[in-house]
Amino acid sequence: MLVKTISVRIKAVRIIDMTSTGLIPYSVGDRLQRDIHRRVVDGEEDTLIFLHHEPTFTAGRATKPEDIPDSTLPVVSVDRGGSVTWHGPGQLVVYPIIRLREPIDVLQYIMALQRSVIDMLKEAYNLDTCLVRGRSGVWMCQEGEMDRKLCALGVKQAQAVTMHGIALNVNPDVSNFHRIIPCGLFDAGVTTLQQLACVGPDTSVSQLVEPLADKMTYYLQRCQACVQQPAPWPPHTPMMYAPPSEKEN
């Protein structure tokens, strides 16, 4: 496990990179983020955890019975926002554990996470992604085609400190998503960087840790309580919005 500290203005952001240690059982990753959450609440430094999980289905607070057609499917109930999703090999998961500045603005925090991914994908792969109005995450939107989610997002804040985070599909087996209604969206699909010809089947999720950490430590400054003078967001970043869907989530 690699632990690295990045200086951000006044205080540091600690990076915990577990991607090189193999697949992490969901219960282990969950215990780790809750332990670090407690420490950040108690005053320790903000932390970003990067890992990839053993195959696991998780169901957030918005999950409905119809989102899991197979009632025998083993699913872990979690306290994040959003509906059901899958975690596993080929998917990079990031848990930002940061103290939010007052007054707490969860929407700004969500935008910072999404914009971090959008910028990283554009810079690293020249890939244009978008946001879908009323729906979280980062998407591929093309006229005449179903919107496809590339990066899922589900967060929580307790005692002004965040938990859970994002899951970026690098090169997972997308058939895993066919066993559920991903994010509870019947009218949308899922895609991966491999399907978009950005990476190959053997690309390690570890390769995305550094470029994504760089973007996240930059954009999260505006949300962090410990940063008194955050850098302004660059005006050039394309933030495209697909037309609103009839069903919003």
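This report describes salt bridges, cavities and one open sheet in a predicted model.

**Salt bridges**

The count of salt bridges in the model comes to 12. One of them joins Arg34 and Asp79, whose closest N and O atoms are 2.9 Å apart. Arg34 belongs to helix 1 (residues 26-41) and Asp79 to the loop between strand 5 (75-77) and strand 6 (84-87), so this pair ties together parts that are 45 residues apart in sequence. Asp79 also forms a salt bridge with Lys156, and here the closest N and O atoms are 2.7 Å apart. Because Lys156 lies in strand 10 (residues 148-158) and Asp79 in the loop between strand 5 and strand 6, the parts tied together by this pair are 77 residues apart in sequence.

These contacts belong to a network of salt bridges that links Asp30, Arg34, Asp79 and Lys156. Within this network, Asp79 is buried, with a relative accessible area of 19%, a value under the 20% limit for a buried residue. Its two partners named above are partly exposed: Arg34 has a relative accessible area of 32%, and Lys156 has one of 24%.

A further salt bridge is formed by Arg38 and Asp42, with the closest N and O atoms 4.0 Å apart. Arg38 counts as partly exposed at 44% relative accessibility, whereas Asp42 counts as exposed at 59%.

The three pairs described here are set out below.

| Basic residue | Acidic residue | Closest N and O atoms |
|---|---|---|
| Arg34 | Asp79 | 2.9 Å |
| Arg38 | Asp42 | 4.0 Å |
| Lys156 | Asp79 | 2.7 Å |

**Cavities**

Rolling a probe the size of a water molecule over the atoms shows where empty space is left. The structure holds 2 cavities of 30 Å³ or more. The largest cavity has a volume of about 80 Å³. It is lined by 13 residues, of which Thr85, Lys149, Ala152, Asn169 and Phe177 are the closest to its centre. Strand 6, strand 10 and strand 11 (161-169) are the elements that give two or more residues to this lining. Strand 10 gives the most, with 4 residues. By class, the lining of the largest cavity consists of 9 nonpolar, 3 polar and 1 charged residues.

The second largest cavity has a volume of about 40 Å³. Its lining is made up of Leu100, Arg101, Pro103, Ile104, Asp105, Gln108 and Cys223. These residues divide into 4 nonpolar, 1 polar and 2 charged.

**The open sheet**

Strands of a sheet pair through backbone hydrogen bonds, either parallel or antiparallel. In this model, 3 strands form an open sheet in the order 5-4-6, with mixed pairing. Strand 5 and strand 6 are the edge strands, each pairing on one side only. On average, neighbouring strands of this sheet are turned by 30 degrees against each other, direction ignored.

Strand 4 (residues 56-59) runs parallel to strand 5, and 3 bridges join the two. Phe57 has Val75 of strand 5 as its bridge partner. Strand 4 pairs with strand 6 in the antiparallel sense, over 4 bridges. Here the bridge partner of Ala59 is Val84 in strand 6.

In a regular strand the side chains alternate between the two faces of the sheet. In strand 4, Thr56 and Thr58 are on one side and Phe57 and Ala59 on the other. All four of these residues are buried, and both faces of strand 4 are thus covered.

**Links between the topics**

Several elements recur in these descriptions. Strand 6 is an edge strand of the open sheet and is also among the elements that give two or more residues to the lining of the largest cavity. Strand 10 gives the most residues to that lining and also holds Lys156, a salt-bridge partner of Asp79. Asp79 itself lies in the loop between strand 5 and strand 6, which are the two edge strands of the sheet.

Definitions and conventions. Residues numbered from 1 in each chain as written. Predicted model: local features only at pLDDT ≥ 70, side-chain atom pairs only at ≥ 80, totals over all residues. Heavy atoms only, no water. Salt bridge = Lys/Arg side-chain N within 4 Å of Asp/Glu carboxyl O. Buried < 20%, exposed > 50% of the residue type's maximum accessible area, 1.4 Å probe, protein only. 1 Å grid on protein atoms, 1.4 Å probe; cavity = no way out; pocket = protein on both sides within 12 Å on 5 of 7 lines; lining within 4 Å. Points joined across faces, edges and corners; volume = space filled by probe spheres on them. Nonpolar A, V, L, I, M, F, W, Y, C, P; charged D, E, K, R; others polar. Pairing = 2+ DSSP bridges. Axes fitted to C-alpha atoms, helices over the stretch in contact; angles between N-to-C directions.
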